[in-house]
Structures are given as structure tokens and as C-alpha cells.
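Please read the following account alongside the sequence and the coordinates. It proceeds from one local detail to the overall fold, then to the strands and loops.

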Amino acid sequence: MTTIRKADFYYGSLLSVFINNGMAPAIVEPGENRRIYSVTTDNGEYEIYTKYVSSPGSRKNNHTKTWTFSFSTEEMERIKQYQDNGKKYTFAFVCGQHNKMQDSEIAILTLEQAKDCLDIGFQRESHRITVKAVKGKNGLRVYGTGRADKLEGKDNTLRIKRVTLPMIEGGVTIG
């Protein structure tokens, strides 16, 4: 008998988006805390570093949801080795809503955006990326250990679109 783990549902949602948009991802590295997929398109080969959080963190403000993704020292060492060598690297964060799965989000970051949020060059015990969804606002906000959400009282987050996978030229619609 096969055991289905919780991670299979979250990673499976991302795979479903890829497959529904004509892509055939191959798993490079399976795992519970992260999975790495490879996708080849007309625009090149992509390696997609994927993580999930099953529900947003608790907040006093009901109009804002945040999902925080932690990165171990070993993960950071791997990401530091990513460079432009003909293969493109992308990060996919599945932001789950375990009570309302249909309201889950998928945030896609380029390698440069992920490195900016993580502050990849700074040594510390843990790194993180946080994805924030604000009700009534377009897109998602992203920040982390290397990028504060506010700087001098102003919004300092990266703003990313909700509806396209920027790794594919021309975009692929989610939803």
C-alpha cells in the first residue's frame, strides 16, 4: 500500500498547474521539506526549487495572510552554487490554505529575487522568505532575511504577479 503524505498534495498542486499548461516536469530531488523539478520548454531548461507551507501564519489583521518558508544551512549552500550556466533557476512557493485549498496561492520567484530576499551572502543559522497576500491588493508581496518588509516606514517588499509563471517567456496563466 502506498502512503500519501501531506507534502504530496501541496507539491501535486504545483505539478497540476505545470501539466495543465502543457509542461512535463521531471523530479530531480524528492523530499518532504523541498522538491526540485526540471522543466524543458521552447525557452530553455528550468530547475524549479519548490517549498510549501500548509497554512498562513496567524495575524491580528484578517486582511493579510503570510506564509514563511525557512531555509537550512545546507539549502543555502546549494542555492549559493546556482549560477547562470545555461540552465535557469526558479523558486516556487506553494502557500496553502488547508481549510480552503482552492484559495491557496503559488508564488514564483526568479533566482535573483530569491537571493535578494534571502541575503545569500550573509552567514546566519537560518534564512527565510515570507510571502504576503493583502486582500484587495494586486499581486503578492515577498520579503525575507535579506529584505525587510518595511524600510523607513515604507513598503520594501518585492511585488510579484499572482497569475503568471515568469520563468516562461510570455507567462503561463495559473487558475
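In which loop is the place of E152? This residue of the predicted model is found in the loop between β9 (150-151) and β10 (154-155). The backbone at E152 deserves attention, since its phi is positive, about 55 degrees, although the residue is not a glycine. Most residues other than glycine have a negative phi. As to its surroundings, E152 has a relative accessibility of 79% and therefore counts as exposed, the cut-off being over 50%.

A second residue shows a backbone feature of this kind. D119 is not a glycine either, yet its phi is positive, at about 55 degrees. D119 belongs to the loop that links α3 (111-118) with β7 (127-134). Its relative accessible area is 29%, so D119 is classed as partly exposed, between the limits of 20% and 50%.

With these two loops placed, the view can be widened to the whole chain. The protein chain contains 3 helices and 11 strands. Read from the N terminus, its elements follow the order α-β-β-β-β-α-β-β-α-β-β-β-β-β. The radius of gyration is 16 Å, close to the 16 Å given by the globule rule for 175 residues, so the chain is as compact as a globular protein of that length. Along the principal axes, the C-alpha atoms fill a box of roughly 45 × 35 × 35 Å.

Further totals describe the interior, the contacts and the surface. Of the 175 residues, 43% count as buried. When contacts between residues at least 6 apart in sequence are considered, 53% of them join residues at least 24 apart. The accessible surface amounts to about 9,900 Å², and carbon and sulfur atoms account for 47% of this area. The side chains include 26 positive and 20 negative ones, with the centres of the two sets lying 9 Å apart.

The discussion now turns to the strands, beginning with β5. Strand β5 (residues 88-95) is joined by 6 bridges to β6, and the two run antiparallel. Within this pairing, F93 stands opposite A107 of β6, while A92 stands opposite I108 of β6. Strand β5 is also joined to β3 (residues 44-53), here by 8 bridges, and these two strands run parallel. In that pairing Y46 is found opposite K88 of β5. Strand β5 thus has an antiparallel pairing with β6 and a parallel one with β3.

How many residues of β5 are buried? The number is 7 of 8, and β5 is mostly covered. For its partner β6 (residues 105-110), 5 of the 6 residues are buried, so this strand is largely enclosed by the rest of the structure. In a regular strand the side chains alternate between the two faces of the sheet.

A last loop residue links two parts of the sequence in space. S72 is placed in the loop between β4 (64-71) and α2 (73-80). With a relative accessible area of 33%, S72 is partly exposed. Although S72 and R128 are 56 residues apart along the chain, their C-alpha atoms are separated by 8.9 Å.

Key. Residues numbered from 1 in each chain as written. Predicted model: local features only at pLDDT ≥ 70, side-chain atom pairs only at ≥ 80, totals over all residues. Heavy atoms only, no water. Helix = DSSP H or I, 4+ residues; strand = E, 2+ residues; numbered from the N terminus. Buried < 20%, exposed > 50% of the residue type's maximum accessible area, 1.4 Å probe, protein only. Rg over C-alpha atoms; globule rule 2.2 N^0.38 Å. Contact = heavy atoms within 4.5 Å. Areas by Shrake-Rupley, 256 points an atom, 1.4 Å probe, with all protein chains shown as cover. Lys, Arg positive; Asp, Glu negative; His and termini not counted. Charge placed at Lys NZ, Arg CZ, Asp CG, Glu CD. Pairing = 2+ DSSP bridges.
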